[in-house]
Amino acid sequence: MIPSYYTLREITKELISNKVNLFFMLLSLIISLTALNTIYSLGASAKKQILDALANVQFGKDAMLIIAGGGRIIGLTTTRRDTLKLEDVKELERLDFIKLASPMSRETLEVSYKDIAEKMRVEGVFPNFTIANNWYPILGRFINEKDLKTFAKVCIIGSDIPKKFNASPSELIGKKVKIGGDFFEIIGILEPKASFGHYRRDERILLPFTTAQRRVFNKDYIDAVKLLFKEGTDIKFAERKIREILRKRHKLFGPEPDDFRLITPEMAISVFTKALKTINLFLLVIGLISLIISGVIIMNLMYSNIEEKAPVIALRIALGATPQNIITHYLIMSLIIALISGLMGWILSILLMQIISLFTPLKPLFSWITFLISFGFATVTSILFSLLPAIRATQIEPSLLLKSL
Amino acid sequence: MVKDLVVLKNITKTYQTGKITYQVLKGLNLEVKEGDFLVVMGASGSGKSTLLNIIGLLDKPDSGEYFFDGQEVSKLNKKELAYIRNRKIGFVFQAFHLVPWATALENVLLPLLYKDGEITNQDRERALELLKRLGLEERINAKPSELSGGEQQRVAIARALINNPRLLLADEPTGNLDSQTTQEVMNIFKELNEKGLTVIMVTHDPEVAKFAKRIKLIKDGIFIEQ
């Protein structure tokens, strides 16, 4: 039933006739909706940021990371971690769904420039590192095939390192740094990439893979391989195939655990968002509880409104309003409250997100979902908790209009 | 032959307050023909408002039969009663009972919201005409608080008439009015009755009762002979 213009005007006027009541009904709902929406937006924004960051390092849906050593996704390895070899990668490259494989090895070593020395992450990489990680030098050049062949003593440094060395990036090109006892010429500086939590990605030094293995790390195993798949590859299938090949090559049978970890973007996201999810869930529960409290407040205010308006309700009944008319009347009233507070809660949460974004790295995220959450929850709460008062209103006796017996 | 509009047969009504039970109506009989102007008089507590509640379908009798416009109505449900009240009965109350936030015009239109849910331009025209007939053309946009008692009662009368009722029920309609306004309002009732509208009025003002065609006295829940 669509209420007529007169009905709506009647209801609106009735609502406005008790401004204090209206104000508190709106306030209670607006506060909890704003909270709920903001909590949702924060979660969504944090997740989006993680996804963006992953996409930014070519860890989108067609990518996988193989890390040496078995165990949980993040944490200590529980097996040997010296079994992943370059030959394994060669074998994997033969799979037809592999677009690119970029192996790397790494160590944490002391790096010094002039009189400054610091422990830093040093990686041995191949030229295809740039494509595999969508990460290019902004100054100078990257490692090339020739560097690999000649075991060249050159390096690329992360964008945060010049600051540590108290030098400008351009002035460092051509200079030499000491890495684990040997001097390496700086040939390029990587473009900056945002950090993941406490993992400082812009504080690393890249060496040609061959140089790193022979001259610096002195090892024959690798630490990780970044794989890019051809578009449309079934990740589950790829994962099974890769696991099968590696287990066979590493002679792992039966219940023996993997001595490597296959990390898909989904797993990475789930690790990064797990803590976030717990906190978010907790906050959402609080949000929902506050919504119920709002509902109870609305119910009470509705009851008091109905008590106060009893003579008018009795009059409506006397003039021919059916119980259905009365219930509709109060449900439309609660719908009006829901729409106003839904809109206000939505707008306020957007503003709040803007303010939060000023103080935190989280970016405000516009989403129609919050719009739906706001109006959905507002409507459900408001109508649900107005139903009992509305039914109560139908039980008002019209005979109270005639005073004495 | 003139039709019976209201027929009450052996109506009883009991109220309970705490442990005390009052029998307000004790087997009351009444016949009101179309076009009648009946005034029911009685002391406070004699049962006259209860009688009016029952006649106006605002309350149900405990026992007895009630025929309104030929239909037995004492067993109808809330929705059916609402339908009859809306279309066949107009109410005028001592305390006027206008919706405080609505204008005079909106108050007059109110019963129509429960008739079709819609208000047409024709409805508006009719409401304006009624207000004009009652001398309120200048006050259509005034709120009840801005109207005098007499004006408020005239708005209430216009509201009672908007659905062309068969019966006009008035509960002490002049109880809150001064003597001059009382005269004006009673003239309106008289005029409406002369045009064929059946009126049942409850009052204890003998001056008001003079306008009636018939007067009945109620005492302790039954009519007594004059």
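1. Helix H9 of chain A runs over residues 235–249 (helices being DSSP runs of H or I, at least four residues, and strands runs of E, at least two, numbered from the N terminus). Its 15 residues reach 21 Å from the first C-alpha to the last, close to the 21 Å expected at 1.5 Å a residue, where the expected span is 1.5 Å times one less than the number of residues.

2. A word on the basis: this is a predicted model, in which local features need pLDDT of at least 70 and side-chain atom pairs count only at pLDDT 80 or more, while totals for chains, interfaces and linings use all residues. Residues are numbered from 1 along each chain as its sequence is written, and chains are lettered from A in the order in which they are written.

3. Which residues of H9(A) are buried? They are Ala238(A), Ile242(A) and Leu246(A) (buried means 20 or more other C-beta atoms within 10 Å of the residue's own, exposed 12 or fewer, with C-beta atoms placed from the backbone). They lie on the same side of H9(A) because they cover an arc of only 55° around the axis, taken from the directions from the helix axis to the C-beta atoms.

4. The other side of H9(A) has exposed residues: Lys236(A), Phe237(A), Arg240(A), Glu244(A) and Lys248(A).

5. For packing partners, the buried residues of H9(A) pack against strands S1 (63–68), S9 (224–229) and S10 (260–263) and helix H3 (86–93) of chain A. Contact here means C-beta atoms, placed from the backbone, within 7 Å.

6. After H9(A) comes Lys251(A), with a positive phi near 55°.

Note on methods
Contact = placed C-beta atoms within 7 Å.
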